[in-house]
Amino acid sequence: QLSCLLKMVTLHGIPEDLDSYPKELLLFLSPSDYAATGSCSQFFINVGKANVDVLPREAPRRQQLLLEALACLKVPGTQINEENAEILGRLVCDLGGEYIRSSGGSLLKDLSQCGSFLPAQEEAIRDVISSGNTTFGPPAAWSAFTLNELSGLIPVLDHSILQQIPK
C-alpha cells in the first residue's frame, strides 16, 4: 500500500511538502529522489523516525537504506557516534555486531528501542555492556533509572550480567 501511495504522491514529481506525509512512505523512496526537497541527512532523520519494521529485516530495500544512510553520514569504518545514531533512528536496529562493538555504549540507548536482535547483535551488546566502558558504567553500578533506560535490552542480558546488577 505504501509503495502504491508513493507512486500516486510522486506522479508529478516529488512534492515539496513530502515531510508532511507518513514517514514510512520514505522507506520506498531513494535519498537522491528526496534531494530536491532536502539533504540526505534530513531524509535519513525522517526515515529513522519511521517504523522500519514495515519492511522485513532481510528485505533488500531495508538493507539498502542502511548502506545509503551510512554513506550519507560519511561514517568512517564501523564506529557510529551518538549524533549519527540519533539520525539513523530505528535503522540502528539493523547494524551488525561489528558496529555495536566499535561504537561502544553510544548505541545502547537507541538499540534498546529495537524489537528483536540477531544472535551476533546480542553477543555484541553483551560484550559492550560487560566491558563497563559505557556512559551507564558497569552493571554493578546500575540503578533502576539505568534499567529503565535500557529496558529493551534486558532480554539480551545473560546470567553473568544480570547477577552483577544491584537489587
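Methionine 8 sits in helix α1, which covers residues 2-9. With a relative accessible area of 57%, methionine 8 is exposed. Keep in mind as you look around that this is a predicted model. From methionine 8 to tryptophan 142 the distance is 50 Å in space, C-alpha to C-alpha, and the two are 134 residues apart in sequence. Let's take a friendly tour of the rest of the chain, topic by topic.

**The chain as a whole**

- The secondary structure consists of ten helices and zero strands.
- If you read along the sequence, you meet the pattern α-α-α-α-α-α-α-α-α-α.
- Along its principal axes, the C-alpha trace spans about 60 × 30 × 25 Å.
- The chain has 167 residues, and 44% of them count as buried.
- Among contacts with a separation of 6 or more, 51% come from residues 24 or more positions apart.

**Two helices that pack together: α3 and α4**

- Two packed helices are described by the angle between their axes and the distance between the axes.
- Here, helix α3 (residues 40-49) packs against helix α4 (residues 60-72) at an angle of about 140°, and their axes are 9 Å apart. That angle makes α3 oblique to α4. The cut-off matters here, because an angle has to be over 145 degrees to count as roughly antiparallel.
- The handedness of this crossing is left-handed.
- Which residues of α3 and α4 meet? On the α3 side they are Cys40, Ser41, Phe43, Phe44 and Val47, and on the α4 side they are Leu65, Glu68, Ala69 and Cys72.
- Sorted by class, this contact has seven nonpolar residues, one polar residue and one charged residue.

**The disulfide between cysteine 40 and cysteine 72**

- A disulfide is a covalent bond between the sulfur atoms of two cysteines.
- How many disulfides does the structure hold? There are two disulfides, and with bonded cysteines counted along the chain they follow the pattern 1-2, 3-4.
- One of them is formed by cysteine 40 and cysteine 72, whose sulfur atoms are 2.0 Å apart.
- Cysteine 40 belongs to helix α3 and cysteine 72 to helix α4, so this pair ties together parts that are 32 residues apart in sequence. You have already met both cysteines in the list of residues where α3 meets α4.
- The torsion about the S-S bond of cysteine 40 and cysteine 72 is about 90°, so this disulfide is right-handed.
- Cysteine 40 is partly exposed, at a relative accessible area of 31%, whereas cysteine 72 is buried, at 14%. The limit that puts cysteine 72 in the buried group is a relative accessible area under 20%.

**The disulfide between cysteine 93 and cysteine 114**

- Cysteine 93 is joined to cysteine 114 by a disulfide, with an S to S distance of 2.0 Å.
- Where do these two cysteines lie? Cysteine 93 is in the loop between α5 (82-88) and α6 (97-103), and cysteine 114 is in the loop between α7 (108-111) and α8 (119-131), so the pair ties together parts that are 21 residues apart in sequence.
- About the S-S bond of cysteine 93 and cysteine 114 the torsion is about -90°, so this disulfide is left-handed.
- Are cysteine 93 and cysteine 114 buried or exposed? Both cysteine 93 and cysteine 114 are buried.

**Residues in loops: tyrosine 21 and glycine 115**

- Tyrosine 21 is found in the loop between α1 and α2 (31-34).
- Its relative accessible area of 28% makes tyrosine 21 partly exposed.
- The C-alpha atoms of tyrosine 21 and arginine 62 are separated by 19 Å, and the two residues are 41 residues apart along the chain.
- Glycine 115 is located in the loop between α7 and α8.
- With 74% relative accessibility, glycine 115 counts as exposed.
- Between the C-alpha atoms of glycine 115 and aspartate 158 there is a separation of 18 Å, with their positions 43 residues apart along the chain counted as the distance apart.

**A buried charged residue: glutamate 149**

- Glutamate 149 is part of helix α9, which runs over residues 144-149.
- Why does glutamate 149 count as buried? The reason is its relative accessibility of 19%, because buried means under 20%.
- Leaving aside residues up to four places away in sequence, glutamate 149 touches Lys109, Ser112 and Phe136.

Technical notes. Residues numbered from 1 in each chain as written. Predicted model: local features only at pLDDT ≥ 70, side-chain atom pairs only at ≥ 80, totals over all residues. Heavy atoms only, no water. Axes fitted to C-alpha atoms, helices over the stretch in contact; angles between N-to-C directions. Helix = DSSP H or I, 4+ residues; strand = E, 2+ residues; numbered from the N terminus. Parallel < 35°, antiparallel > 145°, perpendicular 65-115°, else oblique. Left-handed = near helix turned anticlockwise from the far one by under 90°. Contact = heavy atoms within 4.5 Å. Nonpolar A, V, L, I, M, F, W, Y, C, P; charged D, E, K, R; others polar. Disulfide = S-S within 2.5 Å. Buried < 20%, exposed > 50% of the residue type's maximum accessible area, 1.4 Å probe, protein only.
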